[in-house]
Amino acid sequence: MNALKKVKEWLNKGNNSLWVATAAMIVIGTVAIYQLAPFQDVRIGLPQGFLFGRYLPYLIFGIIMMIGCSRMSKKFMIRFSYVLMTFGMLLLGISLIQPHFVMGTTRYVVFCGMNLDPYMLMLPAYIVLMSNWLGKEITKDKRFWVWLGCSVLTAIIVFMAINAPYMLMAGTYVLTFMVLTLQARKNMPAAFYTSLALGAAIFAAFAYGVLTMPHVHARLESMLYGTSYTVQATKAVIHSSSLIGSNPESIQALTNLPDVPTDFMFAGIVGKMGYLMGALVLMLYMWASISIHRTTQNASQFRKLLGAGVLTVFILGFFGNMDTSIGGLQHASYLPFMSCSWNALLSFCLMFGFVLAKPEKK
């Protein structure tokens, strides 16, 4: 009992709980990718072990970046975010001038032989900069320019995401903007009203598309009622899975499901490791979410906003992937720290590194 009490006390100190939760997500994710990546290798004709071998260097680099970001001061964090945001906006400009189509979308940009997702890679910098701007105690004269800068930056990114088309990321930026401005509405009420207007405009545009465009209506209907192939394939994986481990039926179902280690990672974990592992992953994400909230609730306004933004993206990530994996809305989403997407991995490593830092220190 004394040992358990000491462990509990240690976990409640500082960011220890979040560090442990993050490490657990990385370990489980690495094991899951090692077991599930071969399904995708065989499906697309790659040598077995190719995807995992390619993912591993990015995993090591991401861990190094997370540790490095956790040691940044607030001042250096903001400077780094300006550089990252500028680089991301340049990549977005390139995507407009020289679009690189991958599976019908232009959300990727080829840079030094790598397919970069600038929307995903800019998210950490966007959250840090928005938290800095919205969290400042400023005069009434400067408030207008802060509101204008935050609104214009968000509108540009959202417009380009819709143009990609990358609707999930457009929604992510809009929702993050709404959460951050809601948290900072006392200092910046105009920005909060702008986020509400932006969200309402996108919802109205989507509703108009559903009502007037048959292909949009058909797509929504297939996602809601399960007529698409991926919905049936994910349901087959979930229904055939075992309590612990896999069985021949679940393995066969996994071979019929595309993009198992990425968009359908939660279904892959359940199909390969069993329902208990799926429940453990869900509890782990809930623990990480509680730890993010706990480590930022009694801190400066900047840190509260930073935690709220990261928590929003994190929750969207794991609930989005789980919903897709059990036959819900079918959209490209990545399970944080577990899906085989190095763009998403680096983004979450940076975000968690910022949250694990102590930005109040100079």
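A residue counts as buried here when its relative accessible area is under 20%, and as partly exposed between that value and 50%. With that in hand, the aromatic side chains of this predicted model can be walked through.

Phe-354 has a relative accessibility of just 1%, so this residue falls in the buried class. Its ring partner, Phe-80, comes out at 22% and is therefore partly exposed. This is one of 17 aromatic pairs counted in the model. The rings of Phe-80 and Phe-354 meet edge-to-face, with 6.3 Å from centre to centre and 70 degrees between the planes. Phe-80 belongs to helix H4 (residues 74-97) and Phe-354 to helix H15 (residues 342-356), so the contact ties together parts of the chain that sit 274 residues apart in sequence.

Another edge-to-face pair joins Tyr-119 and Tyr-166, whose ring centres are 5.5 Å apart and whose planes make an angle of 90 degrees. Here, too, distant parts of the chain are linked: Tyr-119 is in helix H5 (residues 118-135), while Tyr-166 is in the loop between helix H6 (140-163) and helix H7 (167-183), 47 residues away. Both tyrosines, Tyr-119 and Tyr-166, are buried.

Beyond these two-ring contacts, there is also a cluster held together by ring pairs. Its members are Tyr-285, Phe-314, Phe-318, Phe-319, Phe-337, Phe-348 and Phe-352.

Aromatic rings also turn up next to charge. The charged end of Lys-74 sits over the ring of Phe-302, at 4.7 Å from the ring centre.

Conventions: Residues are numbered from 1 along each chain as its sequence is written. This is a predicted model: local features need pLDDT of at least 70, side-chain atom pairs count only at pLDDT 80 or more; totals for chains, interfaces and linings use all residues. Side-chain values use heavy atoms; hydrogens and water are left out. Rings of Phe, Tyr and Trp (its six-membered ring) pair if their centres lie within 6.5 Å; planes under 30 degrees apart count as stacked, over 60 as edge-to-face and the rest as tilted. Helices (H or I, at least four residues) and strands (E, at least two) are DSSP runs, numbered from the N terminus. Buried means under 20% relative accessible area, exposed over 50%, partly exposed in between (1.4 Å probe, protein chains only). A charge sits over a ring if NZ of Lys or CZ of Arg is within 6 Å of the ring centre and within 35 degrees of the ring normal.
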